[in-house]
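Here is a colleague's note, set out as numbered points, to be read with the model open. It begins with a term that the later points rely on and then moves from the chain as a whole to single residues.

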Amino acid sequence: MQPDGILETALYADDLAAAKAFYGTVIGLTVITEVAGRHVFFRCGDGVLLLFDPAATAQPPSDPSMPVPPHGAHGPGHACFRVAGDALDGWRDHLEEAGIAIEADFRWPNGARSLYFRDPAGNSLEISEPKLWGLA
């Protein structure tokens, strides 16, 4: 048995309002749902980006009908967004115009290009083309 793909990816941010503004405005994602002080969830292509306040998710949910185990992380995480290779120059321009510092812009040995930058919580974000992992 093997999964079909990754359904959701979670990152953690102490300041959910800043994270919501960044992912909505700069990255262009649409909010699916949010609970103030706990989480903001975004649609991202055929997946979901989950942003949690790590202090809130370290506690079990108060609603017993939602038996989600406590979880969380401290320190920067990482997520990579998939884009077409010919869109990377436009993304670099867009990020720079938004005042986002590009930490790295390079080609991997297989020829795939990646851009690295940070969100307001310090998470390491990457935008790359699918051929990075041999995907179409």
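1. Contact, wherever one residue is said below to touch another, means heavy atoms within 4.5 Å. Please keep in mind throughout that this is a predicted model.

2. On the overall layout, the secondary structure of the protein chain comes to three helices and eight strands, and these follow one another along the sequence in the pattern β-α-β-β-β-α-β-α-β-β-β. Taken along the principal axes, the C-alpha atoms fill a box of roughly 50 × 40 × 25 Å.

3. On burial and contacts, the protein chain has 136 residues, of which 35% count as buried. Among the contacts with a separation of 6 or more, 45% are accounted for by residues 24 or more positions apart. The accessible surface of the protein chain comes to about 8100 Å², and 57% of this surface belongs to carbon and sulfur atoms.

4. On charge, the protein chain carries 9 positive and 18 negative charges, and the mean positions of these two sets are 4 Å apart. How many salt bridges does a search of the whole structure find? The search finds seven, and three of the pairs are taken up in the points that follow.

5. The side chains of Lys20 and Glu34 meet in a salt bridge, with an N to O distance of 2.6 Å. Because Lys20 lies in helix α1 (residues 16-26) and Glu34 in strand β2 (residues 30-35), this pair ties together parts that are 14 residues apart in sequence. Lys20 counts as partly exposed, at 31% relative accessibility, and Glu34 likewise counts as partly exposed, at 37%.

6. A salt bridge also joins the side chains of Arg113 and Asp89, with 2.8 Å from N to O. Arg113 belongs to strand β7 (residues 113-118) and Asp89 to helix α3 (residues 88-97), so the pair ties together parts that are 24 residues apart in sequence. Are the two partners buried or partly exposed? Arg113 is buried, with a relative accessible area of 10%, whereas Asp89 is partly exposed, with a relative accessible area of 48%.

7. The side chains of Glu103 and Arg118 meet in a salt bridge as well, at 3.1 Å from N to O. Glu103 sits in the loop between α3 and β6 (104-107), while Arg118 is in strand β7, and the pair therefore ties together parts that are 15 residues apart in sequence. Glu103 is partly exposed, with a relative accessible area of 47%, and Arg118 counts as partly exposed at 34% relative accessibility. In addition, salt bridges that share partners join Asp89, Arg92, Glu96, Asp105 and Arg113 into one network.

8. Arg113 deserves a second look for its surroundings. Leaving aside residues up to four places away in sequence, Arg113 touches Leu88, Asp89, Arg92, Asp105, Phe106, Arg107, Ile127, Ser128 and Glu129. Three of the residues touched here, namely Asp89, Arg92 and Asp105, are also members of the salt-bridge network that includes Arg113. The pairing of Arg113 with Asp89 can also be described as a polar contact of 2.8 Å between their side chains.

9. Ser114 is likewise placed in strand β7, and Ser114 is buried, with a relative accessible area of 0%. Which side chains make polar contacts with the side chain of Ser114? One is that of Trp108, at 2.8 Å, and another is that of Glu126, at 2.6 Å. When residues up to four places away in sequence are not counted, Ser114 touches Ala104, Asp105, Phe106, Trp108, Glu126, Ile127, Ser128 and Leu132.

10. Phe41 is found in strand β3 (residues 39-44) and counts as buried, at 17% relative accessibility; the cut-off for buried is under 20%. The C-alpha atoms of Phe41 and Leu51 are separated by 6.0 Å, although the two residues are ten residues apart along the chain. Residues up to four places away in sequence again being set aside, Phe41 touches Thr30, Val31, Ile32, Thr33, Val48, Leu49, Leu50, Leu51 and Phe52.

How values were computed: Residues numbered from 1 in each chain as written. Predicted model: local features only at pLDDT ≥ 70, side-chain atom pairs only at ≥ 80, totals over all residues. Heavy atoms only, no water. Salt bridge = Lys/Arg side-chain N within 4 Å of Asp/Glu carboxyl O. Helix = DSSP H or I, 4+ residues; strand = E, 2+ residues; numbered from the N terminus. Buried < 20%, exposed > 50% of the residue type's maximum accessible area, 1.4 Å probe, protein only. Polar contact = N/O pair within 3.5 Å; in protein donor to acceptor, adjacent residues only side chain to side chain. Areas by Shrake-Rupley, 256 points an atom, 1.4 Å probe, with all protein chains shown as cover. Lys, Arg positive; Asp, Glu negative; His and termini not counted. Charge placed at Lys NZ, Arg CZ, Asp CG, Glu CD.
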